[in-house]
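I opened the model today to look up a few things. My notes follow in the order I made them.

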Amino acid sequence: MTIPQARLTCIDLHCHSRASDGALTPTELVARASERGVTHLALTDHDTLDGLAEARSAAEEAGIELINGIELSCQWKSQTIHVVGLDFDARAPGFVAAVAEQTANRWRRAAMIAERLERLKVPDLLDRARALADGDVPGRPHFAKALIEAGVVKDTNQAFKRYLGTGKPGDVKAYWPALETVVQWILDAGGVAVLAHPRKYKLTATKLRALVGDFQRAGGQSLEVITSGQSSGDLGFLAELCRREGLWASQGSDFHFPGAPWCELGRIPALPEGLVPVWQHFRQPVAGQSAAISR
Ligand code: MN
Ligand code: MN
Ligand code: MN
């Protein structure tokens with residue numbers, strides 16, 4: 001007698017393609033996810049929706065579910081915070097416009113850094129930095145590399161000390177919209193707002209609770225309880241926070257490029273007991289968990 005094998009679910013709700021700072025095209029990313037057994041994938045590129053259409057057709061081809069995603073940068077007090085949006089309507093006009101503005105915002109900052117460093121007379125500095133950022137919006141580390149390559153400075157340290165560090169000409173602050181604003185964008189597009197990798201901000205437990213409180217008041221519904229490279233202590237802390245605040249739990253690898261075994265598509269431990277998975281609240285709820293069902 002053969003026993004029918006139930007299909008296992010493997011859910012990865014955070015990863016990046018070349019549409020932002022990932023190494024793979026959306027097609028390559030989806031193929032890799034599928035090979036690694038992922039059944040439900042959200043592509044969450046930084047501040048852009050550009051990779052979603054390609055990822056969607058690749059997912060149809062591969063027979064896996066693609067969930068609309070994005071990772072939005074925002075400001076909370078003096079901190080840059082990342083909010084993942086999931087399962088929104090990617091064609092909602094207000095959302096599309098807000099994201100386009102956000103993308104433009106990132107490029108404006110890069111252009112301003114290049115402009116401030118014009119007197120160094122490095123030809124095509126912005127293009128060079130962009131190439132070093134693999135086509136994504138370059139940040140100060142990419143400008144540092146470009147300055148080293150052009151022979152203006154000998155190392156990153158010197159680049160920051162002279163030109164890019166605090167108070168230097170290339171020290172252009174990123175101005176992101178407020179936490180409340182980006183959460184509202186996601187909600188207005190019918191999506192779920194997830195506070196991404198909450199332990200990555202290096203906040204004290206008290207500050208993190210304050211952040212979570214403000215996030216919830218803004219309408220945020222979910223915490224990313226599982227992310228790569230996190231200790232079991234962090235996982236326990238976040239699971240507890242999630243339970244106590246009645247937040248839904250999300251999980252994702254935050255995969256950017258192959259070759260980092262600690263951060264791989266679909267490599268996700270089981271969600272701790274007693275948590276409400278965010279995917280139960282998707283417009284098309286995903287049934288089951290990453291567990292084998294045998295009868
Ligand atoms: Mn990234
Ligand atoms: Mn992030
Ligand atoms: Mn990310």
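How are α3 and α4 oriented to each other: roughly parallel, roughly perpendicular or oblique? I note first that this is a predicted model. I looked up the pair and found helix α3 (residues 93-116) packing on helix α4 (residues 125-132) at an angle of about 130°. Their axes are 9 Å apart. An angle over 145 degrees would count as roughly antiparallel, and 65 to 115 as roughly perpendicular. α3 and α4 are therefore oblique to each other.

I checked the handedness next. The crossing of α3 past α4 is right-handed. I then listed the contact residues. From α3 I have W107, A110, A111 and A114. From α4 I have L125, L126 and R130. By class, the contact of α3 with α4 holds six nonpolar residues, no polar ones and one charged.

**Second helix pair**

I moved on to helix α7 (residues 179-188) and helix α8 (residues 205-217). They pack at an angle of about 45°, and their axes lie 9 Å apart. I noted α7 and α8 as oblique to each other too. α7 crosses α8 in a right-handed sense. On the α7 side I found L179, E180 and V183. They meet L211, D214 and F215 in α8. I sorted the contact of α7 with α8 into four nonpolar, no polar and two charged residues.

**Manganese ion (ligand 1)**

Which residues coordinate the manganese ion (ligand 1)? I found D21 through OD, H46 through NE2 and H256 through NE2. The distances are 2.1 to 2.2 Å. Along the chain, the donors of ligand 1 follow the spacing D-x24-H-x209-H. I traced two of the donors, H46 and H256, to distant parts of the chain. H46 is in the loop between β2 (40-43) and α2 (52-62). H256 is in the segment after β7 (248-251). The two are 210 residues apart. I looked up their exposure, and both H46 and H256 are buried.

**Manganese ion (ligand 2)**

I repeated the search for the manganese ion (ligand 2). Its protein donors are E71 (OE), H82 (ND1) and H197 (NE2), 2.1 to 2.2 Å from the ion. I wrote the spacing down as E-x10-H-x114-H. E71 sits in strand β3 (residues 65-76) and H82 in strand β4 (residues 79-86). They are eleven residues apart. E71 and H82 are each buried. I also took the separation of the manganese ions ligand 1 and ligand 2, which is 5.6 Å.

**Manganese ion (ligand 3)**

I finished with the manganese ion (ligand 3). Its protein donors are H14 (NE2), H16 (NE2), E71 (OE) and D254 (OD). They lie 2.1 to 2.2 Å from the ion. E71 is listed as a donor for ligand 2 and for ligand 3. The spacing for ligand 3 reads H-x1-H-x54-E-x182-D. The manganese ion (ligand 3) is 4.6 Å from the manganese ion (ligand 1).

Which parts of the chain do H16 and D254 tie together? I placed H16 in the loop between β1 (11-12) and α1 (26-35), and D254 in the segment after β7. The pair therefore ties together parts that are 238 residues apart in sequence.

Are H16 and D254 buried or exposed? The cut-off for buried is under 20% relative accessible area. H16 is at 0%, so H16 counts as buried. D254 has a relative accessible area of 7% and is buried as well.

Notes:
Residues numbered from 1 in each chain as written. Chains lettered and ligands numbered in written order. Predicted model: local features only at pLDDT ≥ 70, side-chain atom pairs only at ≥ 80, totals over all residues. Heavy atoms only, no water. Donors = N, O, S within 2.8 Å, 3.2 Å for Na, K, Ca; no water. Helix = DSSP H or I, 4+ residues; strand = E, 2+ residues; numbered from the N terminus. Buried < 20%, exposed > 50% of the residue type's maximum accessible area, 1.4 Å probe, protein only. Axes fitted to C-alpha atoms, helices over the stretch in contact; angles between N-to-C directions. Parallel < 35°, antiparallel > 145°, perpendicular 65-115°, else oblique. Left-handed = near helix turned anticlockwise from the far one by under 90°. Contact = heavy atoms within 4.5 Å. Nonpolar A, V, L, I, M, F, W, Y, C, P; charged D, E, K, R; others polar.
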